[in-house]
Each structure stands twice: as structure tokens, then as C-alpha cells.
Amino acid sequence: MYLRKTILATGVALSALATASFAHAEPTAEVLHWWTSGGEAKAVAALKEDFQAKGGKWVDSPVAGGAGDAAMTVLRSRVLSGDAPAAVQLKGPAIQEWAEEGALADLNDVAAAENWDDVIPAAIQDVMKYEGDYVAVPVNIHRVDWIWANPTLLAKVGADTVPTTWDEFNALADKLQAAGITPVAHGGQPWQDATIFETVVLGLGGPEFYQEALVDLDDDALNSDTMKAVFDQMRKIRGYVDADFPGRDWNLATAMVMNGDAAMQIMGDWAKGEFLAAGKVPGKDFLCAPTPSENGYLFNTDSFAMFNVSGDDKIAGQKLLAELIVGEKFQETFNLLKGSIPARLGVPMDKFDDCAKKSEADLKSAQDAGGFLPSMAHGMALRGHLSGAIVDVVTAHFNSDMTSDEAVSRLVEAVELAKD
């Protein structure tokens with residue numbers, strides 16, 4: 001409550017400083033983000049270049065860490081000290097949480113001028129708005145449920161395509177392992193464990209079960225035989241990773257596939273950015289295919305929220321940054337580098353690779369079938385304390401000899417405690 005009152009008071013004071021002189025101020029934006037790996041770094045550099053070309057002064061504040069946990073620790077410290085960055089990489093319910101604290105500035109004037117309601121998908125608008133006001137802008141749409149594969153290693157066991165069912169996945173992994181090839185590249189970090197987990201939930205249970213279990217947190221779904229089967233499959237996958245997986249960053253796992261040290265990785269399409277940054281060609285040097293499911297699509301939308309700041313230059317910087325981020329030029333350039341697809345409707349896809357084109361086509365099919373679903377593992381489906389309760393159980397199971405029955409029991413208990 002103290003934090004909320006402090007931030008609200010600060011926000012009121014800052015809003016009083018806003019004047020028509022923004023247009024005459026040098027747009028300045030300190031940008032807090034965690035895009036530090038190859039493909040990600042190139043993507044954020046494109047935004048910086050665009051911003052500077054429009055006369056803006058960019059202050060880069062990167063905080064390494066794929067899941068953004070370290071960046072969020074830095075952010076909270078900065079806000080509490082009254083020194084919030086102008087723009088912060090946030091997503092999903094975290095945007096709503098900061099808006100509830102009174103920490104975010106609205107972008108309605110930019111949204112109206114740029115017709116955001118017409119060019120941003122309705123489902124994404126809901127994430128970017130708080131009580132009807134735009135407080136954040138979407139950068140992209142990532143698909144989480146992908147398998148990335150090394151075709152040379154697959155060919156060694158007579159496979160030329162990525163598995164389309166989990167039974168096929170297990171059969172291929174068994175063949176690879178028998179041939180002395182590590183089947184699955186994985187980094188032993190909780191969010192990476194959760195990434196695999198949610199794709200298995202989607203694949204074994206289907207979109208409706210995923211919605212019930214990981215979005216609605218339905219007790220029957222969490223305590224079901226289907227969830228037990230999910231943990232059974234997770235145990236199988238645990239047996240397909242190498243012994244050195246604990247603590248490995250996701251991009252290093254991607255490099256294992258790229259370099260022929262492992263056959264497959266289950267990871268969102270930011271992994272494709274790593275392949276592309278290394279000059280690899282889709283369909284030739286690597287294969288991409290959705291993890292097994294029926295018209296499912298788990299989305300993760302990166303976005304920037306604009307925090308209350310003082311000074312015409314900083315406020316002008318926020319508005320310019322927001323305008324550029326949603327602009328068609330940046331949406332194309334950024335997503336070509338990042339591996340994702342545009343969050344803006346109508347951006348031409350002719351420059352995008354086949355993986356991205358499949359992502360866009362599958363997104364449309366999933367929307368029609370009710371399978372376009374928010375990622376739990378990547379902060380789109382649940383608030384932090386709820387997703388954290390699930391992730392804790394998932395990673396505890398993955399890194400121990402816990403039975404599936406015990407995992408289901410712990411999952412139900414953890415979610416109930418988190419709800420309270």
C-alpha cells in the first residue's frame with residue numbers, strides 16, 4: 001500500500017509537468033530490457049537505431065537473464081527510489097500489476113493518432129491496456145510451442161522430419177540416444193522446465209485442457225489423469241537431456257543444436273533468432289515445427305510499458321518510442337531479427353522465412369479453433385505468484401525422482417495456497 005501511494009503521488013506530480021513543449025524537447029528514453037543474446041541484441045539495436053534516426057537520445061539499460069527476473073529486481077529497486085526508467089520491457093499480467101500501483105503513464109494520445117485500435121489484435125490490446133487506457137505497446141508475437149532440430153543428426157537415425165506426436169517424439173529420442181546422440185538440448189532453469197511442461201500440457205490435453213489447467217486453474221484439470229500423463233512425459237524428456245544441463249542458458253542450448261551437439265530443442269521462436277544471427281538457413285541448417293498439438297498456439301508477446309517520469313525530454317522520448325514500436329517499419333525490421341512475427345496487423349510477410357510464415361498461418365488457425373492461448377511459463381497467462389507456484393512444482397519434479405502422482409498432488413496444493 002505504501003508503494004502504491006508513493007507512486008500515485010509521484011504520478012500526479014509528474015502529470016502536472018506535462019506541457020505542449022514536448023515537441024520541442026530532445027526525446028530521451030532510458031530503456032530497461034533483458035535482450036542481450038545474439039538475435040535479441042540485434043533486434044533491440046534496430047529499435048535504438050530507429051529512435052536515434054528520429055532525433056532521440058537512447059540510454060541503454062540491459063540486464064542479462066532470459067526470463068527477466070534480474071531485470072524485474074532492478075526495476076522494483078529503481079521505482080522505490082523514485083528513479084524509474086522511461087520504458088521497461090514488461091509483458092502480460094505484470095503490466096496490469098504495475099498499472100495498479102499507479103506507476104505507468106498512459107499513451108492514449110499516441111494510440112489515437114496512430115489508430116492502434118485498428119492495427120493491434122484485440123487479444124493483444126487487452127494486455128496493453130489498463131482500465132481502457134494504453135499503458136504499454138506490443139513489439140511482437142512469439143510462439144512458444146516450437147521444436148528446433150538439427151537435420152544432419154536426425155538423418156543419422158533415418159528421420160527427415162520433426163515428430164508430430166509425443167509418442168513419435170519419444171521413439172525418435174530413443175533412436176537418437178541409442179546412436180550416442182543427445183536427443184534434447186535443455187537448460188536446467190525453472191522457466192525452461194516450465195516451457196517444456198506447458199507444451200506437453202497443450203499436446204496431451206489439447207487447448208481446452210490447457211485453458212482449464214494453466215489459465216483457469218481448475219482443480220479437476222490440475223488433479224486429473226491427463227496431468228499425471230503430462231508428468232509421465234516430463235520424466236521421459238528428463239531422460240533425454242545431457243548430464244550438464246543444470247544452469248545452462250537457453251541460447252547455449254540452442255547452440256548445441258546448431259553445432260551438432262544435440263538433436264532437438266523445445267523453445268520459443270526467439271531461438272530462431274539465434275540461428276539466423278549465425279547465418280543459418282531454415283529448412284537447410286535447421287528444422288522448425290510446432291510441438292505436438294491440435295491447433296494449439298502458445299503466445300508470448302514482448303512489450304514495453306512506459307513508467308511515470310519527469311521532464312519534457314523523457315515524456316517526448318516515451319511517445320516517440322511508442323510510435324516507432326507499433327509502426328509498420330519497425331515491426332517488420334525487429335521481428336525479422338528477433339525470430340517472432342509482428343504484433344501489428346497487416347505487416348507484409350514476404351521478407352519473412354518459412355518458420356515465421358507458418359507461425360502466422362497457424363496463429364490464424366488457432367484463433368479460429370480456440371487454440372490461441374497465453375503462455376503460462378512466459379508470464380502471459382497468470383500473475384507471478386500463481387505461475388511461480390506451478391513452476392516450482394514442475395522444476396522440483398524435473399530435477400528429482402518425484403513420482404507423477406506426487407507431482408500432481410503437490411501441484412494442486414501449491415495452486416490452492418497461491419490462490420489464498
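How many residues of domain 1 are in contact with how many residues of domain 2? In this predicted model, 28 residues of domain 1 touch 27 residues of domain 2. The split itself is not a simple cut along the chain: domain 1 takes in 2-142 and 300-357, while domain 2 takes in 143-299 and 375-419. Going by C-alpha centres, domain 1 and domain 2 sit 29 Å apart. Putting the two domains together buries about 2,000 Å², with carbon and sulfur atoms giving 58% of that area. On the domain 1 side, His-142, Asn-300 and Cys-355 turn out to be the big contributors, supplying 29% of the area that domain 1 buries against domain 2, more than any other three residues.

As for polar links, two salt bridges are counted between domain 1 and domain 2. Asp-353 and Lys-272 also pair up in a salt bridge, with 3.1 Å between the closest N and O atoms. Five residue pairs, both partners at pLDDT 80 or more, are in polar contact across the interface of the two domains. Several helices feed the domain 1 face: α2 (38-53), α4 (93-100), α7 (122-128), α16 (328-338) and α17 (354-369) each bring at least two residues to the side that touches domain 2. By residue class, that side of domain 1 comes out as ten nonpolar, eleven polar and seven charged.

Helix α16 deserves a look of its own. Its buried residues are Phe-330, Gln-331, Glu-332, Phe-334, Asn-335 and Lys-338. The cover over the buried residues of α16 comes from several elements, including α2, β6 (136-138), β7 (142-143), α14 (270-277) and α15 (312-326). Just past the end of α16, Gly-339 adopts a positive phi of about 100 degrees.

Asn-335, which lies in α16, counts as buried because its relative accessible area is 1%, against a cut-off of under 20%. The side chain of Asn-335 makes a polar contact with the side chain of Ser-340, at 2.5 Å. Setting aside residues up to four places away in sequence, Asn-335 touches Val-139, Asn-140, Phe-330, Ser-340, Ile-341, Pro-342 and Phe-352.

Lys-338 is another charged case worth following: this residue forms a salt bridge with Asp-302, the closest N and O atoms being 3.7 Å apart. The pair ties together distant parts of the chain, with Lys-338 in helix α16 and Asp-302 in the loop between β11 (297-300) and β12 (303-306), 36 residues away. Are the two partners buried or exposed? Lys-338 is buried, at 2% relative accessible area, and Asp-302 is buried too, at 4%.

Over the whole structure, the search turns up 17 salt bridges. Arg-143, Asp-145, Lys-358 and Asp-362 are joined in a network of salt bridges. In another case, the side chains of Arg-78 and Asp-83 meet at 3.1 Å, N to O. Here Arg-78 counts as buried, with 17% relative accessibility, whereas Asp-83 is partly exposed at 38%. In helix α19 (residues 404-419), Lys-419 and Glu-416 sit three residues apart, about one turn of the helix, and their side chains form a salt bridge at 3.6 Å, N to O. Both ends of this pair are partly exposed, Lys-419 with a relative accessible area of 41% and Glu-416 with 29%.

Two further residues round out the picture. Gly-82 lies in the loop between α3 (69-80) and β3 (87-90), and Gly-82 is classed as exposed because its relative accessible area is 66%, where exposed means over 50%. Although Gly-82 and Asn-308 are 226 residues apart in sequence, their C-alpha atoms are 9.7 Å apart in space. Thr-395, by contrast, belongs to helix α18 (residues 384-398) and counts as buried at 16% relative accessibility. Leaving out neighbours within four places in sequence, Thr-395 is in contact with Pro-190 and Asp-193.

Methods:
Residues are numbered from 1 along each chain as its sequence is written. This is a predicted model: local features need pLDDT of at least 70, side-chain atom pairs count only at pLDDT 80 or more; totals for chains, interfaces and linings use all residues. Side-chain values use heavy atoms; hydrogens and water are left out. Domain bounds come from an automatic or database domain assignment. Contact means heavy atoms within 4.5 Å. Buried area is the accessible area (1.4 Å probe) that two parts lose on being put together, summed over both. A salt bridge is a side-chain nitrogen of Lys or Arg within 4 Å of a carboxyl oxygen of Asp or Glu. A polar contact is a pair of N or O atoms within 3.5 Å; within protein, one must be able to donate a hydrogen and the other to accept it, and residues adjacent in sequence count only if both atoms are side-chain atoms. Helices (H or I, at least four residues) and strands (E, at least two) are DSSP runs, numbered from the N terminus. Ala, Val, Leu, Ile, Met, Phe, Trp, Tyr, Cys and Pro count as nonpolar, Asp, Glu, Lys and Arg as charged, and the others, Gly among them, as polar. Buried means under 20% relative accessible area, exposed over 50%, partly exposed in between (1.4 Å probe, protein chains only).
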